[in-house]
Amino acid sequence: SGGPAPVDPTALRASADPLKLRDMRRDFEERTRQRLIAKLLAERERHRKARAVLITDSTHTEACVEDGVPPELKAYGAAARAAYITEPFGLDGQKSSKARGSTSYNEEMAAVSIEKGRQKVQRLHHMERKRMQAMVKSQIHIHDQMHDLEERLAEKVNNSKQKTEERRTSIIMERQQRMEKHQERSDAIRLNKDNAYETKMAVLRERADHATELSEHVKNKVRVKLFLKSKMTELRMDRHHQSMMQAKRASEYQRKQVEGRLDRASAVLERADRERSRIATDKSKIKHKVLEERIYVQTLVDNFRATGVFKQPPKAPHLDTVNQILVLDGGVPPTEEEDLNPEATQIPQNGEVEGSVRKGQYTYFKVRHNNSQNRINIVCKKLEGDPDLFVGNHTCPFPTRESCVWKKEDHGDDKITIHSFDRGFVRGWLYIGVYGAASYNSFLVNVKWKSDPIARSPTSSPHMSRISSAGIAAAAAMRLRNNALGGGPR
């Protein structure tokens, strides 16, 4: 208000150095701060000593004044409340006159500020009033809802009590009705029980009388039965004595029969010993005969080796066994050109065919040859299972286990060697049957032989082109051994 005028720092910016500008700016800011502080202190002192009347809303003045101080002055602190006066009079009781100048301007500015504060306080009071009204309305609404809930709860409780009372009344009435029905039923059951008891007692008395009569009758019957039983026991004892005598006689008879059987058994054993001795003698004779036939066969082989024909020695033994195995006439084997098994699979010379057969069935093959000198080898090689090999000629074109000329039933691979001097050897068709001994059988059938020479001179000996004597001797010896052991020709 009375200090020096501030110097504008921008006027000296161009001519002053930066350090001086900084000092001037700091002095300007300090003076400005001191001036604002002094102004605020003066305004505060003026408000403290002001003699003004604050007029509030007439509808709320009495309600808002508390202890003689309006609520508007509470915001200005204890100094404003202490300087509050109700009338704008001076110390002498006269109205104070406002002086013109700076003081009256400050008072007017203070009055304007106070008026703005009063209006703001009125707006705050108005907003608070509206908020209080809304709160009161909300409380009233909540209170009404509480009353409605209490009324509904009371109505519900009354209805529940009324229903409970009605239900209790109905239950009491139903219980009384059930008690009456139960009493009636109990009386009826008691009456029925009494009647049934009387009826049962009458029946029991009748049964007791009938039981007494039956007991007397049964006693009489038991007496009679015991008497008869004693008689039967006496008769049984007599019959047992007689049966014992008969058993004694029967045992004597059986003993005699056993002795007779033992005598006959002894005689049978003696005859069996004699028969065993005879069989042993016959067996030795057969062995001696087989040895003679073996020597005879060896002689035949030696003669065949020397001359090329089977020449019989001067003292030949019985020839049945040899004739069953070999053909001693030395002629050309018979020829059969007719195919009696056209459905069989043909195997070429030195050929091999694979096949399979089920258990209990046969698979047939056939071979056509014009061989009269060399042997024929037929091999059945097992691939799976256990196949058996059977060979037949024109007499059995469907060879089986029961009807065949040559057969082999070994486990595994089977091989049959057929010689030109074997019984049943023919030129033409030979038939091969493979039998399945296992559930499934697979095999390879191989047939091999050497063809006869295309031309032969009349002077040449037959033994030059026929099989070797060692093979003949081996085949004949094998057949003789099998015949002697009961195996038959293979």
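Helices, here, are DSSP runs of H or I at least four residues long, numbered from the N terminus. With that settled, a look at the chain can begin; the model is a predicted one. Counted this way, the chain has six helices and 10 strands. It runs to 490 residues, and buried ones make up 21% of them. About 36000 Å² of the chain is exposed, with carbon and sulfur atoms supplying 55% of that area. As for contacts between residues at least 6 apart in sequence, 74% of them join residues at least 24 apart.

Helix α4 covers residues 102-307, and several salt bridges turn up along it. One is between Glu-165 and Arg-168, whose closest N and O atoms are 2.5 Å apart. These two sit three residues apart in helix α4, so about one helical turn separates Glu-165 from Arg-168. Glu-165 is partly exposed at 40% relative accessibility, and Arg-168 is partly exposed too, with a relative accessible area of 47%.

Glu-115 and Arg-118 pair up in much the same style: their side chains meet in a salt bridge at 2.2 Å, N to O. Again the partners are three residues apart in helix α4, which puts about one helical turn between Glu-115 and Arg-118. Here, though, the surroundings of the two partners are not alike. Glu-115 counts as partly exposed at 31% relative accessibility, whereas Arg-118 is buried, with a relative accessible area of 17%.

A further pair, Glu-174 and Arg-178, is joined by a salt bridge with its closest N and O atoms 4.0 Å apart. Glu-174 and Arg-178 are four residues apart in helix α4, again a separation of about one helical turn. Both partners are partly exposed: Glu-174 has 35% relative accessibility, and Arg-178 has a relative accessible area of 49%. Salt bridges can also link up into a network, as they do for Glu-252, Arg-255 and Glu-259. Over the whole structure, the search finds 16 salt bridges.

Helix α4 also carries some nonpolar surface. Leu-214, a residue of helix α4, joins Val-218, Val-222 and Leu-226 in a nonpolar patch on the surface, and together the four have about 330 Å² of accessible area. Leu-214 itself is partly exposed, at a relative accessible area of 40%.

The strands tell another part of the story. In soluble globular proteins, nonpolar side chains tend to be buried together. The largest nonpolar core in this model has 22 residues, and the members that touch the most others are Phe-365, Ile-376, Ile-378, Ile-418, Ile-432, Val-445 and Val-447. The elements giving two or more residues to this core are β3 (351-358), β4 (362-369), β5 (376-384), β6 (387-392), β8 (414-418), β9 (427-436) and β10 (440-449). Strand β10 provides the largest share, with four residues.

Ile-432 gives a good view of how this region fits together. Setting aside neighbours within four places in sequence, Ile-432 is in contact with Thr-363, Tyr-364, Phe-365, Val-367, Ile-378, Leu-389, Phe-390, Val-391, Pro-399, Val-445 and Val-447. Among these partners, Phe-365, Ile-378, Val-445 and Val-447 also appear in the list of core residues that touch the most other members.

Asn-350 is worth a stop as well. This residue lies in the loop between β2 (345-346) and β3. Its phi is near 60 degrees, a positive value in a residue other than glycine. Asn-350 is partly exposed, with a relative accessible area of 45%. Although Asn-350 and Asn-446 are 96 residues apart along the chain, their C-alpha atoms are separated by 6.9 Å. Beyond neighbours within four places in sequence, Asn-350 is in contact with Asn-446, Val-447, Lys-448 and Trp-449.

Last come the cysteines. The structure holds zero disulfides. Cys-396 is in none, the nearest cysteine sulfur being that of Cys-404 at 6.6 Å. Cys-404 likewise has no disulfide, and its nearest cysteine sulfur is that of Cys-396. Since a disulfide needs two cysteine sulfur atoms within 2.5 Å, the 6.6 Å between Cys-396 and Cys-404 does not qualify. The two also sit in unlike settings: Cys-396 is buried, with a relative accessible area of 7%, while Cys-404 is partly exposed at 24%.

Conventions. Residues numbered from 1 in each chain as written. Predicted model: local features only at pLDDT ≥ 70, side-chain atom pairs only at ≥ 80, totals over all residues. Heavy atoms only, no water. Buried < 20%, exposed > 50% of the residue type's maximum accessible area, 1.4 Å probe, protein only. Core = buried A, V, L, I, M, F, W, Y, C linked by side-chain atoms within 4.5 Å. Contact = heavy atoms within 4.5 Å. Patch = residues over 30% accessible without salt bridge, like charges linked within 9 Å, V, L, I, M, F, W, Y side chains within 5 Å. Areas by Shrake-Rupley, 256 points an atom, 1.4 Å probe, with all protein chains shown as cover.
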